[in-house]
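Trainee: I should be grateful for a close look at a single part of this structure. Please explain each term as you come to it.

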Amino acid sequence: MKYVILIHSNPQPWGHPTSDYLVAHQALPADVRHRLNTEFEQVMTELQANGELLGGEALGDPANARLYRWRDGEPLTSDGPYSEAKEHLAGFFLIDVGSQARAEEVAARFSGPDETVELRPLMWPGGDEQ
């Protein structure tokens, strides 16, 4: 079963890993930050070793985003992202796991202070059905 793990964050300034740029994460004791970073590296190693990690990318500064909408029968381009959003899409990971329970276990391990992790199944979990 294929899932995407979406990382929503709003670091100031923008940077990756996003947690390093979040006040809530920076306020944690050094040993807690170290433990969280170690746990993240462990889950990434585990996913790679199990063949469950299909890919992932960090996204650039949302200040450089462009939005494309359709208005009055014409394409309309504007600066992005949505200005009212507190958090922006910071990156994603694509995983292929045996069950929804496993996907939920993995996604929970990606969460951190002041970040939101969204787990969403692919529309066609096999990746080739349409």
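Mentor: Let us begin with Tyr68, which counts as exposed because its relative accessible area is 63%; exposed means over 50%, buried under 20% and partly exposed in between, with a 1.4 Å probe and protein chains only. This is a predicted model, in which local features need pLDDT of at least 70 and side-chain atom pairs count only at pLDDT 80 or more, while totals for chains, interfaces and linings use all residues. Residues are numbered from 1 along each chain as its sequence is written, and side-chain values use heavy atoms, with hydrogens and water left out.

Tyr68 belongs to strand 3, residues 66-71 (strands, E, at least two residues, and helices, H or I, at least four, are DSSP runs numbered from the N terminus). Leaving out residues up to four places away in sequence, Tyr68 touches Leu76 and Thr77 (contact means heavy atoms within 4.5 Å). Between the C-alpha atoms of Tyr68 and Ala90 there are 19 Å, and the two residues are 22 places apart along the chain.

For buried residues, we turn to helix 3. This helix spans residues 100-110, and Arg102, Ala103, Val106, Ala107 and Phe110 are buried in it. They lie on the same side of helix 3 because they cover an arc of only 130 degrees around the axis, taken from the directions from the helix axis to the C-beta atoms. The buried residues of helix 3 pack against four elements: strand 1 (2-9), helix 2 (30-50), strand 5 (88-96) and strand 6 (116-121).

Phe110 also appears in the largest nonpolar core, a set of 16 residues in which Ile5, Leu47, Phe93, Ile95 and Phe110 touch the most other members (such a core is a set of buried Ala, Val, Leu, Ile, Met, Phe, Trp, Tyr and Cys residues joined through side-chain atoms within 4.5 Å). Two or more residues of this core come from each of strand 1, helix 2, strand 5 and helix 3. Helix 3 provides the largest share, with four residues.

Phe93 shows what such contacts look like from one residue. Apart from neighbours within four places in sequence, Phe93 is in contact with Tyr3, Val4, Ile5, Ile7, Phe40, Met44, Leu53, Gly55, Gly56 and Phe110. Two residues on that list, Ile5 and Phe110, are also named with Phe93 among the core residues that touch the most other members. To return to the starting point, Tyr68 is exposed, whereas Phe110 is buried.
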